[in-house]
Amino acid sequence: MQAHMMQQPLLVSSLLRHAERHHGDQQVVSRGVDGGLHRYSFRDLARRARQLAAALGALGLERGDRVGTLAWNGHRHLELYYAVSGAGAVLHTLNPRLHADQLAWIAEHADDRALFFDPTFLPLVEALAPRLPGVRHFVLMGDRAQLPADCAIGGLLCYEDLIAAHDDTYAWPLLDENAASSLCYTSGTTGDPKGVLFSHRSTLLHTFASALPDTLNVSAADCVLPVVPMFHVNAWGLPYAACMVGAKLVLPGPQLDGASLYALFESEGVTLSAGVPTVWQGLLAHVRGQGLRFTSMRRTIVGGAACPPRMLAEFEDELDVRVLHAWGMTELSPIGTVSAPRRNGEPAAHRRAQQAKQGRCPFGVDMRVVDAAGAELPWDGRSAGELQVRGHWVVQSYFGGASPLADGWFPTGDVAHIDAEACMQITDRAKDVIKSGGEWIGSIEIENIAMAHPAVAMAACIAARHPKWDERPLLIVVRKPGAELTRAELLQFFAGRIAKWWTPDDVIFTESIPLGATGKMLKHLLRAQYQDHLLCPAN
Ligand code: AMP
């Protein structure tokens with residue numbers, strides 16, 4: 001028997017329509033590339049997104065066409081989020097921190113038909129344009145005054161002129177909810193990047209789940225500032241969640257240093273933020289150095305890489321900011337798990353230990369850990385194997401590529417274990433695992449201990465080749481400015497904190513650790529540089 005309920009497709013445009021009708025006066029604040037603040041309401045956002053959608057049609061862009069962006073977190077980028085997907089085209093957010101060769105490869109693979117970009121990226125786009133024959137329209141995201149007098153891009157268009165030519169009577173089309181809404185390429189450190197094509201339905205279901213109290217816990221009472229870029233898995237879905245619940249949205253533009261972020265948190269009354277650990281390091285150093293406090297910020301999402309327990313403690317104990325430690329991937333839209341501790345009388349130390357793990361699945365995704373033969377391992381908090389996931393917002397197959405699924409599950413390439421409370425902990429990326437005498441050593445745990453030393457600013461643990469054990473852990477460390485720390489002192493710090501055979505064989509002090517386009521440590525570069533370090537008799 002069929003039910004008698006309305007059938008309404010889950011569409012990205014419905015988020016904006018809801019925000020306009022039910023939270024029309026809620027604010028969107030965005031910092032431009034010039035540092036100035038732009039302020040308007042969801043009502044204005046919706047109006048301009050409709051004008052933009054009409055402009056896209058006038059440019060000849062059709063349903064399914066890919067529209068690229070090279071842009072910071074700002075209001076025009078937000079308008080593109082809604083206008084492109086809402087009109088039935090596919091928003092393709094490109095990561096401007098990638099090398100020009102990678103960008104050209106990705107834009108060609110995606111077959112982008114138009115490219116919208118912030119003025120900051122004009123030189124980059126001038127260099128890229130001759131390599132992008134499929135791109136018919138280049139649009140500078142600014143007003144006419146920002147158009148360069150002289151420019152290598154023929155027919156460069158101006159965003160504000162484009163939308164000014166249209167009124168706001170555009171009606172969002174009724175699309176198939178399984179149609180593609182946006183496209184994001186993985187930041188993969190090896191091999192060609194892979195495109196993940198999200199649907200309207202997967203995006204909406206992910207948004208519902210992300211707003212839940214034990215997920216990212218977003219509400220109309222919040223002021224949300226995503227530090228995580230809108231070109232990195234849709235800023236973890238926060239631009240969608242803000243419209244779904246009617247939260248104030250603050251978009252920080254290109255200035256992501258600690259001082260600039262702190263000033264914006266305070267001036268706009270930010271209550272919830274989100275970013276990778278390396279960004280929070282900069283913010284915490286600023287706050288610590290100046291003896292500051294957060295007056296409004298109460299929660300922050302830390303994800304994209306493991307949150308070091310020291311960072312967790314600093315946020316929670318010293319700054320009274322609750323940390324939501326989240327694990328995810330581009331292939332998961334991105335949320336897979338969040339560590340939302342149950343506050344049901346468990347001892348504080350246990351709660352903190354659970355919080356440092358990557359956490360539980362919200363409804364809508366499921367996970368398991370399997371051994372090398374693909375058999376599921378027990379949830380005992382010890383048995384580590386490859387983490388696999390499946391769910392409503394998990395990739396089925398890559399754009400223009402094969403399906404990565406194994407037995408209906410997506411193999412994440414992460415190594416993890418799950419405990420009896422269903423909390424998952426990542427111990428490594430499969431390719432970063434250290435195999436010593438046939439046994440696995442988790443590099444993240446070693447890094448977390450090193451990071452707990454007060455003189456350490458950043459630490460990476462890699463597998464170095466070893467004549468007897470095949471591989472042994474080698475620690476690469478950046479000291480805090482002005483701090484003194486010797487190899488012996490740091491190795492001594494591991495005593496009693498870790499099994500003795502997990503202690504790194506050596507420590508290399510360096511000025512900096514290379515970071516990738518999404519702020520993660522590039523361990524493959526460190527391996528290339530140092531993997532023979534322990535084979536060298538001089539060491
Ligand atoms: P990306 O697709 O660029 O977002 O990268 C996804 C990868 O980042 C995952 O497969 C993990 O290896 C890593 N990652 C994300 N969040 C975490 C976390 N909380 N702890 C440890 N690793 C993480």
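Reader: Quick one to start: how many aromatic pairs does the count come to?
Author: The count comes to 11 aromatic pairs. The rule takes rings of Phe, Tyr and Trp (its six-membered ring) whose centres lie within 6.5 Å; planes under 30 degrees apart are stacked, over 60 edge-to-face, and the rest tilted. Keep in mind that this is a predicted model, where local features need pLDDT of at least 70 and side-chain atom pairs count only at pLDDT 80 or more, while totals for chains, interfaces and linings use all residues. Residues are numbered from 1 along each chain as its sequence is written, and side-chain values use heavy atoms, with hydrogens and water left out.

Reader: OK, what's the geometry between W501 and W502?
Author: W501 and W502 make an edge-to-face pair, 6.1 Å centre to centre with 85 degrees between the planes.

Reader: And is W502 buried or exposed?
Author: W502 is buried, at a relative accessible area of 16%, whereas W501 is partly exposed at 40%. Buried is under 20% relative accessible area, exposed is over 50%, and partly exposed is in between, with a 1.4 Å probe and protein chains only.

Reader: Which residues do ring pairs link into a cluster?
Author: Y262, F265, W280, F294 and F315.

Reader: What about cations: which ring does the charged end of R497 sit over?
Author: The ring of F493, 3.8 Å from its centre. K194 lies over the face of Y398, 5.3 Å from the ring centre. A charge sits over a ring if NZ of Lys or CZ of Arg is within 6 Å of the ring centre and within 35 degrees of the ring normal.

Reader: Does F493 come up again: what is H453 in contact with?
Author: Leaving aside neighbours within four places in sequence, H453 is in contact with R310, L485, L490 and F493. Contact means heavy atoms within 4.5 Å. H453 is found in the loop between helix 14 (443-451) and strand 22 (456-466), and H453 is buried, with a relative accessible area of 13%. Helices (H or I, at least four residues) and strands (E, at least two) are DSSP runs, numbered from the N terminus.

Reader: Switching to V302, where does that lie?
Author: V302 lies in strand 13 and counts as buried, at 0% relative accessibility. Not counting residues up to four places away in sequence, V302 touches several residues, among them W280, M311 and V323. V302 and A274 are 28 residues apart in sequence but 6.0 Å apart in space, C-alpha to C-alpha.

Reader: Which residues of helix 12 are buried?
Author: M311, L312, E314, F315 and E316. What covers them includes helix 11 (277-290), strand 13 (299-303), strand 14 and helix 13. Just after helix 12, D320 takes a positive phi of about 60 degrees.

Reader: Sheet time. What order do the seven strands of the open sheet take?
Author: The order is 7-6-5-3-4-8-9, with mixed pairing. Strand 7 (157-158) and strand 9 (195-199) are the edge strands, each pairing on one side only. Strand 8 (residues 180-185) runs antiparallel to strand 9, joined by five bridges; two strands pair if DSSP finds at least two bridges between them.

Reader: Last one: what domains does the assignment give?
Author: Domain 1 (12-252), domain 2 (256-321), domain 3 (333-430) and domain 4 (432-535). These bounds come from an automatic or database domain assignment. The centres of domain 3 and domain 4, taken over C-alpha atoms, are 25 Å apart. Their contact takes eight residues from domain 3 and nine residues from domain 4.
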